[in-house]
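Below is a colleague's note, set out as numbered points, for reading alongside the structure. Please keep the coordinates open while going through the residue pairs.

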Amino acid sequence: MADAIGNKAAHDYHLDVPAPEQGFFAKGLGHGDWGAKNRLSRLFNPKSGNTVMLAFDHGYIMGSTAGLERIDVTIAPLCQYTDVLMGTRGAIRACIPPTVHNAICLRATHDASVLIDDMSTGNGLGADMEAAIRMNAAAVAMQCFIGGAGEAQSLETLCRAVDAGERYGIPVLGVTAVGKEMARTTEYFLLATRILAELGASFVKTYYCDHFEKVVSACPVPIVIAGGKKLPEAEALEMAYRAISDGARGVDMGRNIFQSECPAGMAQAIAKVVHEGYTAAQAYEVYQEVLHSQG
Ligand code: R5P
């Protein structure tokens, strides 16, 4: 029971201090309740408004791909340079120490493996919202196949995740998956990102493309870009720089970090672009410094 004897009479109502603004820094997400906004503020740095997500979920369709044979060895040391870890519950709980401070974006669909000719034929729920809560996830990631045979099924899965996420205040990342037959055009990404946002995704992951600023402009929530296949480091930094300049709110990057000659250098260089406005050339210097410091 509170000790009333030690209480002082209230003496300062700070009448000259305005009440806090209720605005929210993330585009299109001011409507959420406090828990959702708190999670978004862990996903996106409120100061820069941006995020560096480290994607290492590739094994859920590709098995032990180059660079991800031992997630505990290759990915865990990179956590310190990134804001968000994007992976499956199996990989995260087995290979990432629970002491990390990163926000978790849980891969929550199961999708066709690389043995299936066209992965866009369909998917389903790989982890439900209770699993996400047990993993202390700040968001769940749902793969969607706009224009693919599995479009309707993947959008149904997305919508049910949005419903469940809204019940618990867990944002949903809509992932525009580019299947075999889908061209990576501006028109395609304009369509796909907009559909996922309209269906309730809190943020959308897509690929960088020509006229990316239009894709960003027409999407009412933040966009992050995937890295795609491994590029020379300078080119990957250039792509990240252009995406951020065009309005992307971050990267969800995998192979261009963990397949790099110096993953720690790439993670740090990418963070400079995303959070500190470094140009690609300046960030490449950061990469080189870390590379050479490692001998
Ligand atoms: C692919 O299986 C995953 O969705 C990845 O998270 C995504 O493609 C980003 O990784 P990367 O930068 O390697 O393309």
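The points that follow take up the ligand site, the aromatic pairs and the salt bridges in turn.

1. The model is a predicted one, and local features are discussed here only where pLDDT is at least 70.

2. Which residues come nearest to the ligand? There are 13 residues around the ligand, and of these Asp57, His58, Gly228, Gly254 and Arg255 come nearest. His58 places a polar side-chain atom 2.7 Å from an oxygen atom of the ligand, while Lys205 has a side-chain N or O atom 3.0 Å from a ligand oxygen atom. The backbone also takes part in the contacts, since a backbone N or O atom of Gly227 is found 2.9 Å from an oxygen atom of the ligand. Taken on its own, the ligand has 360 Å² of accessible area, and the protein covers 95% of that.

3. Asp57, already listed among the residues that come nearest to the ligand, is also part of a network of salt bridges that links it with Arg107 and Asp111. A reader inspecting the ligand site may therefore wish to view these three residues together, given that salt bridges join them in one network.

4. The count of aromatic pairs comes to 6. In one of them, Phe189 and Tyr207, the ring centres are 6.2 Å apart and the planes stand at 40 degrees, so the pair is tilted. This pair links distant parts of the chain, with Phe189 in helix 7 (residues 186–198) and Tyr207 in the loop between strand 8 (203–206) and helix 8 (212–218), 18 residues apart. Phe189 and Tyr207 are both buried. Tyr188 joins Phe189 and Tyr207 in one aromatic cluster, and the charged end of Arg184 sits over the ring of Tyr207, at 4.1 Å from the centre of that ring.

5. Is the pair formed by Tyr284 and Tyr287 stacked or tilted? The planes of these rings are at 25 degrees, with the centres 5.8 Å apart, so the pair is stacked, the cut-off for stacking being under 30 degrees. Both residues belong to helix 12 (residues 280–293), and because they are 3 residues apart there, about one helical turn separates them. Their accessibility is not alike in class: Tyr284 counts as partly exposed at 28% relative accessibility, whereas Tyr287, with a relative accessible area of 2%, is buried.

6. The salt bridges number 10 by the rule applied. Asp163 and Arg160 form one of them, with the closest N and O atoms 2.7 Å apart, and both residues lie in helix 6 (residues 151–168), 3 residues or about one turn of the helix from each other. Asp163 counts as partly exposed at 35% relative accessibility, and Arg160 likewise counts as partly exposed, at 43%.

7. A salt bridge within helix 9 (residues 233–245) joins Arg242 to Glu238, the closest N and O atoms being 3.2 Å apart. Because Arg242 and Glu238 are 4 residues apart in that helix, about one helical turn lies between them. Arg242 has a relative accessible area of 44% and is partly exposed, and Glu238 counts as partly exposed at 30%.

8. Glu233 and Lys230 form a further salt bridge, in which the closest N and O atoms are 3.4 Å apart. Is Glu233 buried or partly exposed? Glu233 has 13% relative accessibility and so counts as buried, the cut-off being under 20%, whereas Lys230, at 28%, counts as partly exposed.

Definitions and conventions. Residues are numbered from 1 along each chain as its sequence is written. This is a predicted model: local features need pLDDT of at least 70, side-chain atom pairs count only at pLDDT 80 or more; totals for chains, interfaces and linings use all residues. Side-chain values use heavy atoms; hydrogens and water are left out. A salt bridge is a side-chain nitrogen of Lys or Arg within 4 Å of a carboxyl oxygen of Asp or Glu. Helices (H or I, at least four residues) and strands (E, at least two) are DSSP runs, numbered from the N terminus. Buried means under 20% relative accessible area, exposed over 50%, partly exposed in between (1.4 Å probe, protein chains only). Rings of Phe, Tyr and Trp (its six-membered ring) pair if their centres lie within 6.5 Å; planes under 30 degrees apart count as stacked, over 60 as edge-to-face and the rest as tilted. A charge sits over a ring if NZ of Lys or CZ of Arg is within 6 Å of the ring centre and within 35 degrees of the ring normal. A residue is near a molecule or strand if one of its heavy atoms lies within 4 Å of it. A polar contact is a pair of N or O atoms within 3.5 Å; within protein, one must be able to donate a hydrogen and the other to accept it, and residues adjacent in sequence count only if both atoms are side-chain atoms. Accessible areas come from the Shrake-Rupley method with a 1.4 Å probe; for residues, only the protein chains shown count as cover.
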